[in-house]
Amino acid sequence: MSNLAHSADAEKASVVPFGDYVAQKKGAASPRPSSRPNPFRQLWDRGYRGLLPVVPPTGGIRSAGKRPGVLGPSGWSGRSAASFNATVEDLDVWHGWGASVGVRCWNGIGGIDIDTTNPILAGRARELAINILGPAPVRYGREPKGLLPYLMPLDIGYRQARFDDGVDPKKPGLVELLAGETKMFVAQGIHPGTGKPYTWPEGIWDYSALTRVTHEQLDAYFAALASEMPGWRSLTSSVDRAMIDQQTLRGDPDRIRRAMSALPNDGRFGYPEWVNMAIALHGALPDDEALALELFEDWTDKAGIPDPTEDAARVFRSVQGPFSLGASMIEDYATKHSSGAFTVADRYFDAAAVERAARSAPVEAAATSRHPPFDFAAAARLDRARMEAIPERAFVLGSRFQAGTLTLGAGPAGVSKSTFAIKSALAIATGKPLTGETVAKSGPVLIYNSEDPRDEMLRRLMATARLDGLDIDLVQERVRILSGYDDRRLVFAERRDKGGPIRPGQDTDDLARFVAAEGIVHVALDPLVALHRGLDENAAADMEALGDQLRQFASRTGVSVDLIHHTAKARGAQADANAGQADAARGSGAVMGFVRSAYTLMPMGANFARDLGLDAGRAAQMVRLDDSKRNYARRSARELWFEILSVLPTGEVVSPGDFDSHDEEVRRRASTSAGVHVLFDIRRQRALAAIANSESEDVQQSARLQYLVALMDGDAVPRATLAASYGFAMKLGGTQARTHIDGMVPVGAMKAVEVETEGYAWSVWREERRGGKGKQWVILRKRLGQVVRSEEPSGASDEANGGVFD
């Protein structure tokens, strides 16, 4: 296996006129044949088909040396990797240009790209790859950075992970899984940083000799990296842009203009960030493309490149929706890089809101208060303009939280309600759907806990953030915490003397001003019982007075509020009987009256655990999230399940056996962990349990089909997409998964089968359809209606999930 060295003469190759390029594409001989060996042909002969030309470092455009491109009359211009589909005729053309050789991560080939100059950590990352994924050649550009090519599953997506390599605090170490048709790597050429050729010490292997890896191996590799790399703090994967709500990307035009004006462009951003800015401006200003283009061109000009080879307007107009970036990215960049010219206050500060808060006096609850006459006639009349312009509901996280309203979260002891409130707040702060719910509004959050010290709050916060791979810098920027144990207890209503009047708490106005000034969008208040002083939890009048103060706080500030509350104890066989029950909350029913939304967090009952085949130890760590009240949205029939893992503040998961270890140091370390909720696929567990517990093929088939339909994220899903998810869950290969699906789902709507899952009845069938890549099988479903009696695990009443609006 010889190493295909790229001669430095490639950088001196003459420019091929565009007309000659067209002629060559039609099969004409090259006007300037090269006597040098053609590395494109050499790789082609070794079985590599996803080849593409890479702009050489002397190409004069951004990211030259690492970016695909073509050579035209005016020089090099960049292209996306997905725009190339190599033929034999292309190979001599690209070689004549002096292009470096790129390999597109297409048709199953991909790479593990280790990007750190720390030789010890780079070596360990390579060693883990070879031990877990299998042998592979290594390509070096700037050693010890290296890339290992593998044959990947066709449905694998891009993934990256960051860690602290101790080299540059501003640029963490990075390991990337290069996969997907938009990704590529340079196989032969000159490295733009070193000016020397890329090398393969072991030579380039034939395509057929590359090691094939599985999903499980890749997951195991990244898990091993997470346990060994210091400061492992981010784990991301590419997203389906079609699944992103474009409304959440929008920004205020004036604020976007201020952010772009403050944001420098002095060389700290590369080509990917430049293109991302074009995407983000499209997403942030979808109704004003002219303004978006103007801002992009102005920001491009700040770079001061005298004769740029890339036209900003052309790049901007080449971006097509749906978009994955928007206002949040622009404002994040401006906040971080503008040296104070654009701040958190600029992003979220609403001067009018603060002025209103400052003018508002505490509402006196004493019976002797006098108020000016209220104009009922003026208030009751209908205003036609408002009738025709009713605003959309401002949801924040799923339909559980809504701006300006109160939500009650109730559960018994032992389900980690406080930590779950932190997880919900982190989802809103970072924009990540950590709880399985869509983040409709992202921004700063405040977490208040009256019972726990600040250190314990930080322990839970860091364990959750690290385990979920969140950007800790973003967490620090957007999360505020207050401890009633260490800082100050917040009291919203109090009765100072027995039988005396109820008065507002003395800090409520100051808290409202603080929330408005910080731009906070969500507040968690934990627990409800500690938010008052001298009131009776079981007295309706007392709880209504507390609710009035809390409602005013939410309305004045416009924040969503998560009120954490207790329920009566529920354990044993029927521990989850109160799941989704509006009357499960402890105390007066007036509490449920003053909130507009409510949810329950309940443990798993012993009967349900036995049905699922879970042992008692693991079942004790399972909790379920259910809607119990929705005034402004449809209540979901679906329950979300979470498994509580013991996690250190570093993000490392602690084994249950560590708590009983004979090693004192192991026990001590385990005792510093916090319980963190992780989404649990209850649908898969149900299907596996049904299959294991029944010898009837019909019952097993029905369980598999229910799970398959539950996996569908739309009414028409390619069979290949479903087969990947279904096969992974059921531990089946691709062919087996497709065979299972074909055996369960009939061809044609006339032969459709009916399936009940997650509260709905569906008609399901498959069709062969023609698409951009030829014919493919598509699984289709049509909703027939809502099932009257929803699925409940252990005796919860039908009413718990049967309602629509409360």
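## Close-up views of a predicted model

**View 1. A small group of strands forms an open sheet.** In this predicted model, three strands sit side by side in the order E18-E17-E20, making an open sheet with mixed pairing. Strand E18 (503-504) and strand E20 (532-533) are the edge strands, each pairing on one side only. Strand E17 (residues 493-494) runs with E20 in the parallel sense, and two bridges link this pair. To find your place, look for Ala493, which stands opposite His532 in E20.

**View 2. A salt bridge joins two strands of the sheet.** Staying with the sheet, we turn to side chains. Glu494 and Arg533 form a salt bridge, with their closest N and O atoms 3.2 Å apart. Because Glu494 belongs to strand E17 and Arg533 to strand E20, this contact ties together parts that are 39 residues apart in sequence. How do the two partners compare in burial? Glu494 is buried, with a relative accessible area of 8%, whereas Arg533 is partly exposed, at 39%.

**View 3. Helix H15 is a mostly covered helix.** What span should the 14 residues of helix H15 (residues 417-430) have at 1.5 Å a residue? The expected value is 20 Å, and the end C-alpha atoms of the helix are indeed 20 Å apart, so the two agree. As you follow H15 along, note that 14 of its 14 residues are buried. Just after the helix comes Gly431, whose phi is positive, near 80°.

**View 4. The second largest cavity has a mixed lining.** Rolling a probe the size of a water molecule over the atoms shows where empty space is left. In this model the count comes to five cavities of 30 Å³ or more. The one in this view, the second largest, has a volume of about 60 Å³. Which kinds of residue line the second largest cavity? Its lining divides into four nonpolar, five polar and three charged residues. Among them are Phe395, Phe401, Gln402, Arg596, Arg630 and Tyr632.

**View 5. Arg630, from the cavity lining, also takes part in a salt bridge.** Arg630 is one of the residues lining the second largest cavity. The side chain of Arg630 meets that of Asp627 in a salt bridge, at 2.5 Å from N to O. Are these partners buried or exposed? Both Arg630 and Asp627 are buried.

**View 6. A salt bridge lies within helix H23.** Side chains of opposite charge can pair when their charged atoms come close. The model as a whole has 34 salt bridges, and this view shows one of them. Arg668 pairs with Glu665, the closest N and O atoms being 2.5 Å apart. The two residues are three apart in helix H23 (residues 664-670), so about one helical turn separates them. Arg668 is partly exposed, with a relative accessible area of 44%, and Glu665 is partly exposed too, with a value of 44%. Elsewhere, salt bridges that share partners join Arg124, Glu127 and Glu228 into one network.

**View 7. Phe680 is a buried residue in strand E25.** Phe680 is found in strand E25 (residues 674-680). Why does Phe680 count as buried? Its relative accessibility is 13%, and buried means under 20%. Arg624 is 56 residues away from Phe680 along the chain, yet their C-alpha atoms are separated by 9.4 Å.

Notes. Residues numbered from 1 in each chain as written. Predicted model: local features only at pLDDT ≥ 70, side-chain atom pairs only at ≥ 80, totals over all residues. Heavy atoms only, no water. Helix = DSSP H or I, 4+ residues; strand = E, 2+ residues; numbered from the N terminus. Expected span 1.5 Å × (residues − 1). Buried < 20%, exposed > 50% of the residue type's maximum accessible area, 1.4 Å probe, protein only. Pairing = 2+ DSSP bridges. 1 Å grid on protein atoms, 1.4 Å probe; cavity = no way out; pocket = protein on both sides within 12 Å on 5 of 7 lines; lining within 4 Å. Points joined across faces, edges and corners; volume = space filled by probe spheres on them. Nonpolar A, V, L, I, M, F, W, Y, C, P; charged D, E, K, R; others polar. Salt bridge = Lys/Arg side-chain N within 4 Å of Asp/Glu carboxyl O.
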